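Trainee: Could you take me through one part of this model slowly? I would like a close look at a sheet, and then at what lies beyond it.

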Amino acid sequence: MGSSLLLFLVLLFPVLLSLFWRSRKQTNLPPGPRPWPAIGNIPHLMLRQAVTGQRLHASLAAIAEDYGPLIYLRLGARELVVASSPSAAAQVLKTNDRVLCARYVPAAYRVPIYADHSLIWHARCDDNWRSLRTIFRADLLSSPSLARHAPARERKAGEMARFLLSRAGKEVKIGKVIFITFFNMVGNIIFSRDVLSLEEGKGWFPELKSHMARMLELAVVPCIEDFFPGMTGGFDLDGLKHQVQTYLEKLYGIWDEIMMQRSEETQDKDFTKMLLDHGIRDNQLKALILDIFTAGSDTSAALAEWIMSELVRSPDVMKRVREELIQVMGPPPTGDHTHLARLTYLHACIKEALRLHPPAPLLLPRCAIDTCEIMSYTIPKNCTIMVNAWAIGRNPEIWKDPLSFSPERFLNCSVDYKGIDFEFVPFGGGMRACPGISMGVRVYQLVVATMVHNFDWLLPGGKQRSELNMDEKLGLVLERKQPLVLIPKPLVG
Ligand code: HEM
């Protein structure tokens, strides 16, 4: 928040003061720190953010510890309610799903060429949203589609293994390798071709990753309109919308180029062809493609990097994963990936990493279409709603020894991530739940299985496993603060 926000506050102070007095009269709101006139709880949040190192999920969890599982904050003129217990999450994602299914779109993203067409940022669950979600489910994420795309996924995992073999004994940035592998898996499903290269300085669109990263960062940069909705007169005072528009135009330009270059033999089967067959064109097509890359790649890469970090820190767990892989898939380097579903211990590791390190720790923000009631408190219309999946996953009243990485807790346990067990909601729940769960889980299984089956992993500089820094950083996804650097040691050859 810079000088433009200060000037804006001075000019609007009388209006904000009257809003403050009016809102104070509203009773029965969930508990929370007493808001200041005009700026509300911004100072409380800034203080917590300074303590938690700008980790919003941890700041909100700390406030919930003081005020309870459902908290109310006013950030400027914007109202925010955060659910931080399984029963509060159930009230948001199930009981009141119809009223709370609208998406809160960050002001910087309210750029028509994206916001009007995206599935993720579709503001309302209207007929258009329903038909886009049906296309996603049927043509991209259904079991037959996932089976059809399995060869592309396996090819990319094989390329990753060969790349790692070529780097044997050298330092490798694991997150980068995983990100590019995911990106190319998605690229082959959408465009029938690779988009990035594992080899430094090679590849087709080297600027693609940085444009997308910058665009994602802009979703979480504090924006005046987010704090003072409707009071900026539609002006882009901090210039964030303009920046988002610029990156979107660059990304859409890259999609145009790739679409022109699609090979004639393979394009018949790819997802772009299916979208075109549904009559989806122009910005609608480009926004959906961007949705898949952004929703699928960053979250998945962040999670797989966390899984590898936890395995490296826990040699016994790594050993058990490898034993299971050898038992189910045979000794390396073979990789009969048709048996991935039988890797129950690896699956338990994925669940455990999702519990401790959910890539979307606050899910994606929802918005109340109407006033409703949660735990006997009033939730005002237009209020932003978040669910703190990170806090729920680390609650000692729900999870024994919550900070330890113990995949065993998910063996012989029916708790799953499908949005029904509210003590474990990394993919959200209800109407807006993540539709990409099955695709994501298949991809993490494949990538982690390939890494652990074929290589042992060492930390650089003879560092001890216990010394691995596990600090987190929150942008649009929760990732490692320091990139994970490991040295692959091939297990055969
Ligand atoms: C670790 C991986 C992933 C995580 C943690 C994750 C998490 C989430 C979460 C928390 C939401 C919002 C749920 C809610 O509002 O209740 C979401 C929405 C969404 N996810 Fe995922 N996701 C992942 C992977 C994927 C993949 C692989 C795809 C598809 C290729 C995908 C596509 C989407 C889409 C399209 C939405 C928006 C749905 C809507 O608003 O109707 N996600 N995801």
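Mentor: Happy to. Let's begin with strand 9 and strand 12 (residues 485-490), an antiparallel pair joined by four bridges. One position to find on screen is Asp456, which has Lys489 of strand 12 opposite. Please keep in mind throughout that you are looking at a predicted model.

Now widen the view to the sheet that holds this pair. The sheet is open and has three strands in the order 4-12-9, with antiparallel pairing. Strand 4 (172-173) and strand 9 (455-458) are the edge strands; each has a single partner strand, so one side of each is left without a neighbour in the sheet.

From the sheet, let's turn to the ligand. There are 27 residues around the ligand, and those that come nearest are Ala295, Gly296, Gly428, Cys434 and Gly436. Two elements, helix 13 (282-313) and helix 17 (437-454), each give two or more residues to this shell. Helix 13 is the main contributor, giving seven residues, the most of any element. Sorted by class, the shell around the ligand comprises 16 nonpolar, seven polar and four charged residues.

Helix 13 also leads us on to a helix contact. Its axis lies 9 Å from that of helix 15 (residues 344-356), and the two helices pack at an angle of about 105 degrees. Helix 13 and helix 15 are therefore roughly perpendicular to each other. To trace the contact, select Leu303, Trp306, Ile307, Glu310 and Leu311 in helix 13, which meet Cys349, Ile350, Ala353 and Leu354 in helix 15. By class, the contact of helix 13 with helix 15 has eight nonpolar residues, no polar ones and one charged.

For another helix pair, look at helix 9 (residues 207-218) and helix 11 (residues 240-261), whose axes come within 10 Å and cross at roughly 150 degrees. That crossing angle makes helix 9 roughly antiparallel to helix 11. The crossing of helix 9 and helix 11 is left-handed. On the helix 9 side, the contact is made by Leu208, His211, Met212, Arg214, Met215 and Leu218. Facing them in helix 11 are Leu240, Gln243, Val244, Tyr247, Leu248, Lys250, Leu251 and Ile254. Here the classes divide into ten nonpolar, two polar and two charged residues for the contact of helix 9 with helix 11.

To place the two helix pairs side by side: helix 13 and helix 15 are roughly perpendicular, whereas helix 9 is roughly antiparallel to helix 11.

Methods
Residues numbered from 1 in each chain as written. Predicted model: local features only at pLDDT ≥ 70, side-chain atom pairs only at ≥ 80, totals over all residues. Pairing = 2+ DSSP bridges. Near = placed C-beta within 6 Å. Nonpolar A, V, L, I, M, F, W, Y, C, P; charged D, E, K, R; others polar. Axes fitted to C-alpha atoms, helices over the stretch in contact; angles between N-to-C directions. Parallel < 35°, antiparallel > 145°, perpendicular 65-115°, else oblique. Left-handed = near helix turned anticlockwise from the far one by under 90°. Contact = placed C-beta atoms within 7 Å.
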